[in-house]
Structures are given as C-alpha cells and as structure tokens.
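Colleague: I've got this one open on my screen and I'd like a close look at a single part of it. Could you take me through the place where the two chains meet, and then fill in what surrounds it?

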Amino acid sequence: MSSPKPAFWTVARRDAVAGYVFIAPQLAGIVTFVLVPLGLVFWYSLHEWNVLAATFSYVGAANYQMLLADPNLPSVLLASAIFSAGLVVLNMSLALLLAVLLDQKLRGMVVFRTLFFSPVVVSLVAWTIVWSFLLQNNGGINGMLAMLGIEGPNWLRTPTTAMISVIVVQVFKNVGLNMVLFLAALQGVPKELYEAARVDGAGRFKQFRRITLPLISPTILLTSIITIVGSLQVFAQIAVLTQGGPGMSTTVLVYYLYQQAFQFHFFGYGSTLSILLFVIVATLTFVQWQLRKRIVFHEN
Amino acid sequence: MKTDLSPRMTVALYGLMCVLLIPFVFPTWWMVTSSVKPISDIFAFPPDLWPRRFDFSTYAQVFELQPFARQYWNSAYIAAVVTAGTMAVSSMAGYAFARIRFPFSNAIFMVVLLGLLIPSEVTIVPLFQMFLKWGMINTHWPLILVPIFGAPSVFATFVMRQFFIALPVELEEAARVDGLGRFKIFWTIALPLARPALGAVAIFTFLHSWNLYLEPIVFLSSTQMFTLPQALTQFTDAYGGAMWNIQLAAATMTAIPVLLVFIVAQKQFVEGLAHTGLKG
C-alpha cells in the first residue's frame, strides 16, 4: 500500500524482503558471535599473546608446534576420550533400558518417568554440589557402604574413581533427556510388527533386535550426536567435583583450555586449544552424519 | 510393548525400577534434608535419612554470606530475557527458512547450522576479547546476547523450522489470498499454531541459561553480578573449605522452584521435548 511502484513490488519480491527481515537477527548473531569469533580464534592461535606485557606478535605455527610438544596433551586427550566414551556408552544404554521399562503398560509409569527425568531440571551446579557432598571421603555414599561393612574409596581423590564419579554424576543428571526421546521413538513403532513377529515365533529379544532397534535407529543416531558433542563441552561438573584432579586425571580439553586461557592468561595457546576442540567436534559430527547412511534403517 | 506381563514379572519390573530410581531421587532428598542439619551432624555416622536435629539458620546465612537475593534475581531475569529473546529470534528465522522463498535461503540456512558445530567453548577466548573491547565485561550483556543470537539459539531455530515444515500450509495460503502480509500471517496464524514447539524451545532455553557456568565465571567478576551457579560455589570458609549445610541450603533454593514447576507441568515438559523436531 505504501509502495510507490506497485509493478515493482511483486509478491515474490515482497516475500524475499520479508524473508531477509525474518532471518536478519539470527544471521547477524551467527556472524557476530560465531563466525567472526571463529576467525579471530584462528588468528589469535597464530600469535604469541602476553597479556601482562601487552604484547601480541605473529608467531606463525609456533603455538601448534607447542601443542604437539605439550607434555600434558596426551593426558588431556585421554581424559576427554575416556569421559566421552564412558558417558556416551553409559548414557545411551541406561536411557534405552529405562525407555524400554517405561514403555511397559503398567500403572504408575508417569510417576516413574517424572522421577527419572527430574534431575534434568535440577540446576546443574546444585546437582553437582550434592554429589560432591555425597562423594566426600566421610560423605553419604561411603557412610552407607560402611553400614554394609564395605570401606569405600576416597572417590574424588583417587584418579580412577574420580573419573568414574564425574561420568556417573553427569549420566544421572541428563539420561532422562535421551530416555524420553527413546520412549517417544519406541511408542512410534507400529504394534502390528510385533504381532507379526510373534506369529512367526520370534522371541522378545529377537523382536527387540530385529524390529525395535532398526526402527528407532534414527533417534539413536541423533541422540548419540547430541550426547557426544555435549560430552566434549563438560566443564561445570569438572570444576565443581575435581578441578581437573587428582593430578590431571580429569582435566578434559575444555577445562584445560579454560586453565590456559583464563587462569594462566595464555590467550594464544588457549586459542590453539579452541581450534583443536573445534576440529574434534566437527570431525565427530561429520563422521556420525556419514554413518547415518550405513546404519540407520530409514529416514523420512 | 506388551500388556500380558505375568504378575511375577510385574513385581520384578517395579522392583527393578525402584532400585534404579535411587541415584535419581536420593541426591535431591539428601540435599534438602542435609540443608537443615547443623554442621556437626552433616557427616554423622550412620547417615541420617531424616535430620535428628534441625537448624534452619542455614537459610538465613545464605543471604548473609552472599547477596543471594540479588544473585537469584540476576539468574532469573537473565533466563527470562534469554528465553523470550530466543523464542522471538528462532521462531522468525525458523518460519522464514521453512516457509518463505528468498534467494540463497538454503545456503544461509547451512551457514546458520554451522552454529551447531561450534560450541561456545570454542569461541570463548575471542568473545571475551570482544566484550572487553565493548566495555561489557562484568555486565550481563554477554550472558544475554550470545545465547539469544549466537550458537545456542541455532538449535531452537532448527526445531522451529522442523515444526513449521510439518505444519499444513493451507491455512496460510487462504490468508495470503486475502492479501495478508507475511508478518501478519506469521503473527496471527503460524505462531499460535506453533505453541508446542515454542514451549519446548522455552524449556530448553530456560534450562540452558539457568545452568550456564563457564560463561559467568569468565565474564563476571563481582559478587553482586554473579548468577546462581557461580554463587553456589562461593560458600566456603576462610580456608577454602566448603560450608556444606549452607551451600546445600543455597542449592535447595536454586533447585526446588524449577523442580516444582516441572512436577506440576511434567506432561507438557516431557512430551514437548520428546515430540519436537528431535524425532528422526
């Protein structure tokens, strides 16, 4: 109505303008807070940056050479790998088990579902603090074990049990999310398929392996991507439970990055570690996305 | 799967689920009950499932040791603004990517999706430098702007796009024939229909903001500005030892309100999350 040249403002043109206006905030945000910082982090990684002396000088690949020679790197990568692998395996299998249990037609399932899901909505740091309290040497868990005549380890001060603790605390916190996604997928499997399989004499386990798993494989793939990428971002739990210790046994990549950049103020080297994190996340996502074609049964 | 479970099987299933529930429910119980124990009872042996003595002064001490009300407000208002902002940005972008034809829309969508590959941990160093340059360190701006417009909102945009793609287009077509503009159609027709997806976006955006930890400790430095997750870790004595009962009182006050909202609205919560854009 306000357009001076009605012939120029066709419906298609109007739509195009509307489209750009609609996406403008998101696109501007991605450019400002994701793409430019990604460029900057790469630029920083090529520099030696001394915050105290306020020097910023180009050093080429020196930070990357330092990365390869970093004596802490193998331990950091190993801790990240153990944490992610342990978390994903435990989380996915427990989520699937709980979803299968909740899928049974029994009374009171909604109550169980609500309770299994409840840690998801408990503040992450609050949840971690309670577990930290429970896992103290004289804390609740060892207290209960002592009542059974078992002497528990000092969970957070022993390298192996510290890693196990960090994984388990995170699994119980978030497994409810994957659980409800699996439950929705299970409920989407047509019941006739099970009937047919039963007529053909397939047992429950066989039905699960041959019908359920293939049909929910798209959900399994998607949740595994989200869970793996999420596992690489773990920070608060480590900071609250172990501060990366004992020794460096629970210092995962993001925690190491935080220490280098924000505790020791090595911004150049911290940026190099950021690039490493980016490469790992991108590679894992890409590989899983490619695997989709091979292992996922169907997609719509 | 089955309705024909034997009674013995039923009992076994209930038993198994009750055992599995322990690590999900017990920590919350232990947090609440320990928060009202005097410090001398906190590590009592054998452990008390119900406090043998009550000490409610821990709750008052939370507010004496930290500007806890202020920190509570910080977390609450940041999460509210981020949730509202994300809903606006992601529903508009999601709608455009799903419904409006414009040049390069697919290419732009791929660029936006890059945000999913670049967690904010990767860009935290340059973001810190940018906000330092803009004079926004020790303000709440980084905790508001980055989630609304940056990487965390991409997932919301993706969910909204998936929802709008699945929504039948006929209603909007009729309105277009009547000459309604795009924004009118979006606002009066598409958005009201998108309530389930918006609900899911609101829930996970709120929880994401409420749980944020790395960003606050990087960007904020004064206790007045702290958010709850950061404040919870500050209840330590002069030697750095944790003041457990006070810390647990603060944790209880942080966790319980959201938990109550969840229990009241659990159906919308769980089903909203389960049925939105995430299914295959």
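Modeller: Here is a walk through the contact between the chains, followed by each chain in turn.

Keep in mind that this is a predicted model. The contact takes 85 residues from chain A and 84 residues from chain B. On the chain A side, helix α1, residues 11–45, brings the largest share, with 21 residues. If you sort the chain A side by class, you get 61 nonpolar, 19 polar and five charged residues.

Two residues make good places to zoom in. Start with A:L101, which sits in helix α3 of chain A. Which residues does A:L101 touch, leaving aside those up to four places away in sequence? They are B:L13, B:L16 and B:M17. A:L101 has 20 other C-beta atoms within 10 Å, and 20 or more is the cut-off, so A:L101 counts as buried. For a distance within its own chain, take A:F112, eleven residues along from A:L101: the two C-alpha atoms are separated by 9.9 Å.

Now go over to chain B and find B:V146, in helix α6. Again leaving out residues up to four places away in sequence, B:V146 touches A:F33 from the other chain, along with B:S120 and B:L127. B:V146 is buried too, with 27 other C-beta atoms within 10 Å. B:V82 is 64 residues away from B:V146 along the chain, yet their C-alpha atoms are separated by 9.2 Å.

Back to helix α3 of chain A, since A:L101 belongs to it. This helix covers residues 73–102 and packs with helix α9 of chain A, residues 204–232. The angle between them is about 145 degrees and their axes are 9 Å apart. The crossing of α3(A) and α9(A) is right-handed. From α3(A), the contact uses A:S80, A:F83, A:S84, A:L87, A:V88, A:N91 and A:M92. From α9(A) come A:T223, A:S224, A:T227, A:I228, A:S231 and A:L232. The spacing of residues along a helix is handy to remember here. An α-helix has 3.6 residues a turn, so residues three or four places apart point the same way. By class, the residues where α3(A) meets α9(A) are six nonpolar, seven polar and no charged.

Next, chain A as a whole. Its secondary structure comes to twelve helices and two strands. Reading from the N terminus, you meet one helix, then the two strands, and after that helices to the end of the pattern. The C-alpha trace of chain A spans about 75 × 70 × 35 Å along its principal axes. Its radius of gyration is 25 Å, well over the 19 Å that the globule rule gives for 300 residues, so chain A is more spread out than a compact globule. Buried residues make up 40% of those 300. Of the contacts in chain A with a separation of 6 or more, 70% are between residues 24 or more positions apart.

One loop in chain A deserves a quick stop. A:Q243 lies between α10 (236–241) and α11 (253–263). Its phi is near 50 degrees, a positive value in a residue other than glycine. A:Q243 has 13 other C-beta atoms within 10 Å and is partly exposed.

Chain B has 14 helices and zero strands. The C-alpha atoms of chain B fill a box of roughly 75 × 65 × 30 Å along the principal axes. A compact globule of 280 residues would have a radius of gyration near 19 Å, but chain B has 24 Å. Of its 280 residues, 45% count as buried. Among contacts in chain B between residues at least 6 apart in sequence, those joining residues at least 24 apart account for 73%.

Helix α7 of chain B, residues 151–166, is worth a look as well. It reaches 24 Å from its first C-alpha to its last, close to the 22 Å expected for its 16 residues. Of those 16 residues, 13 are buried, so α7(B) is largely enclosed by the rest of the structure.

Finally, chain B has a positive phi to show you at B:N138, near 60 degrees in a residue other than glycine. B:N138 is in the loop between α5 (124–133) and α6 (141–149) of chain B. With 14 C-beta neighbours inside 10 Å, B:N138 counts as partly exposed.

Methods: Residues numbered from 1 in each chain as written. Chains lettered and ligands numbered in written order. Predicted model: local features only at pLDDT ≥ 70, side-chain atom pairs only at ≥ 80, totals over all residues. Axes fitted to C-alpha atoms, helices over the stretch in contact; angles between N-to-C directions. Helix = DSSP H or I, 4+ residues; strand = E, 2+ residues; numbered from the N terminus. Left-handed = near helix turned anticlockwise from the far one by under 90°. Contact = placed C-beta atoms within 7 Å. Nonpolar A, V, L, I, M, F, W, Y, C, P; charged D, E, K, R; others polar. Rg over C-alpha atoms; globule rule 2.2 N^0.38 Å. Buried ≥ 20, exposed ≤ 12 C-beta atoms within 10 Å, placed from the backbone. Expected span 1.5 Å × (residues − 1).
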